[in-house]
Amino acid sequence: MAILQFSSSSPISKIIHSPRRKIRDLQDSIKTQKNLITTDSVSSFSFCTCGRRHFIGAMTSIPFLPISPSHASTSTEDLERLRPPKPDWYEEFFAWSMNTEMESYEKEISDYKMRLFDNLVGKAEKVLEVGIGTGPNFKYYTAIPNLSVIGIDPNAKMESYARKSAAEAGLKPEDFTFIQALGESIPLEDASVDAVVGTLVLCSVTDVTQTLNEIKRILRPGGTYIFIEHVAAEDGTFLRLVQNVLDPLQQVVADGCHLTRHTGESILEARFNGGADVKKASLSRFAYISSHVYGVAYN
Ligand SMILES: C[S@@+](CC[C@H](N)C(=O)[O-])C[C@H]1O[C@@H](n2cnc3c(N)ncnc32)[C@H](O)[C@@H]1O
């Protein structure tokens, strides 16, 4: 994902928004364009509001150490079955590119993140972040008192970046645990965390439904799941056609990231006990991943 990003003023963005242009033009442009990101506003509208805020159990105590000793990380078999091993250089390169190429994206999404992370203040102390990557969300945790964060990610090369981000955000080293693990097989006890955070991760997991079931399992009753995900554009649009064409390439260059997932629907179908608010947003600067969903679900 970090490798293929284009500004709204780039030829690619113009092609995407012009139904008369041909995909061949787009493919030519891909060869010459990368990372031309400019500043634009973000628009959003309600997608579906079928949930209700659900704080029952907010004061429920959870185990001090929620990591199950028998599941200290996703088993090697699960890691290999659900995410075939990748060469070290690839994992290192992807971690490096996520760390260096996402600055403009993070800038544009920051208002959304600020509002979402507000949902955790005073309600969450133990937080699991699925697919934590390089830790771009740590800066949003600073308003949460007594916080400890567990970050899981199958790419072990993310750890050093995530630790640096945690330290820069003022989190004490003992309050951040990194575990090499998968969302499909989270190595934590049932009902052991107050909140789960996932940003740009359900595009990359192998099994979205299994990951959402794991999130529900490890969240305590009344716990909160906050998410921001890029998703498939509307059926029948030119952008969707472009996504269909680019999807196989994206999976190769962006570590399994899919462009055409209906993640908002998947979150609703997971049927969180307290419901889910799933909203749509369209980012102006990231043409082919501009369609997003974001929101909160309650266990
Ligand atoms: C696009 S990056 C996003 C990272 C970070 N959440 C962010 O917002 O920048 C996707 C992340 O998901 C991780 N990932 C891939 N497959 C996964 C899986 N099955 N379970 C959990 N994380 C996974 C990748 O290693 C990567 O760190």
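Cys203 has a relative accessibility of 0% and therefore counts as buried. The model is a predicted one. Cys257 also has a relative accessibility of 0%, so it is classed as buried.

What is the bonding state of these cysteines? Cys203 takes part in no disulfide. The cysteine sulfur nearest to that of Cys203 belongs to Cys257, at 3.9 Å. Cys257 is likewise in no disulfide, and the sulfur of Cys203 is the nearest cysteine sulfur to it, 3.9 Å away. A disulfide requires the two sulfur atoms to be within 2.5 Å, so the separation of 3.9 Å between Cys203 and Cys257 does not qualify. A search over the whole structure gives zero disulfides.

The ligand is the next subject. Where does the ligand sit? The space it takes is the largest pocket. There are 20 residues around the ligand, and those that come nearest are Gly131, Asp153, Gly183, Glu184 and Thr199. Sorted by class, the shell consists of 10 nonpolar, six polar and four charged residues.

Three of the nearest residues can be followed down to atom pairs. In the side chain of Asp153, an N or O atom is 2.5 Å from an oxygen atom of the ligand. Thr199 also uses its side chain: one of its polar atoms lies 2.6 Å from a ligand oxygen atom. With Gly183 the backbone is involved, as an N or O atom there lies 2.8 Å from a nitrogen atom of the ligand. How much of the ligand's surface does the protein bury? Taken alone, the ligand exposes 590 Å², and the protein buries 99% of that area.

Notes
Residues are numbered from 1 along each chain as its sequence is written. This is a predicted model: local features need pLDDT of at least 70, side-chain atom pairs count only at pLDDT 80 or more; totals for chains, interfaces and linings use all residues. Side-chain values use heavy atoms; hydrogens and water are left out. A residue is near a molecule or strand if one of its heavy atoms lies within 4 Å of it. A polar contact is a pair of N or O atoms within 3.5 Å; within protein, one must be able to donate a hydrogen and the other to accept it, and residues adjacent in sequence count only if both atoms are side-chain atoms. Accessible areas come from the Shrake-Rupley method with a 1.4 Å probe; for residues, only the protein chains shown count as cover. On a 1 Å grid over the protein atoms alone, a cavity is a set of points where a 1.4 Å probe fits but cannot get out, and a pocket is an open set with protein on both sides within 12 Å along at least five of seven lines; lining residues have an atom within 4 Å of a point. A molecule sits in a cavity or pocket if more than half of its atoms lie within 2 Å of its grid points. Ala, Val, Leu, Ile, Met, Phe, Trp, Tyr, Cys and Pro count as nonpolar, Asp, Glu, Lys and Arg as charged, and the others, Gly among them, as polar. Buried means under 20% relative accessible area, exposed over 50%, partly exposed in between (1.4 Å probe, protein chains only).
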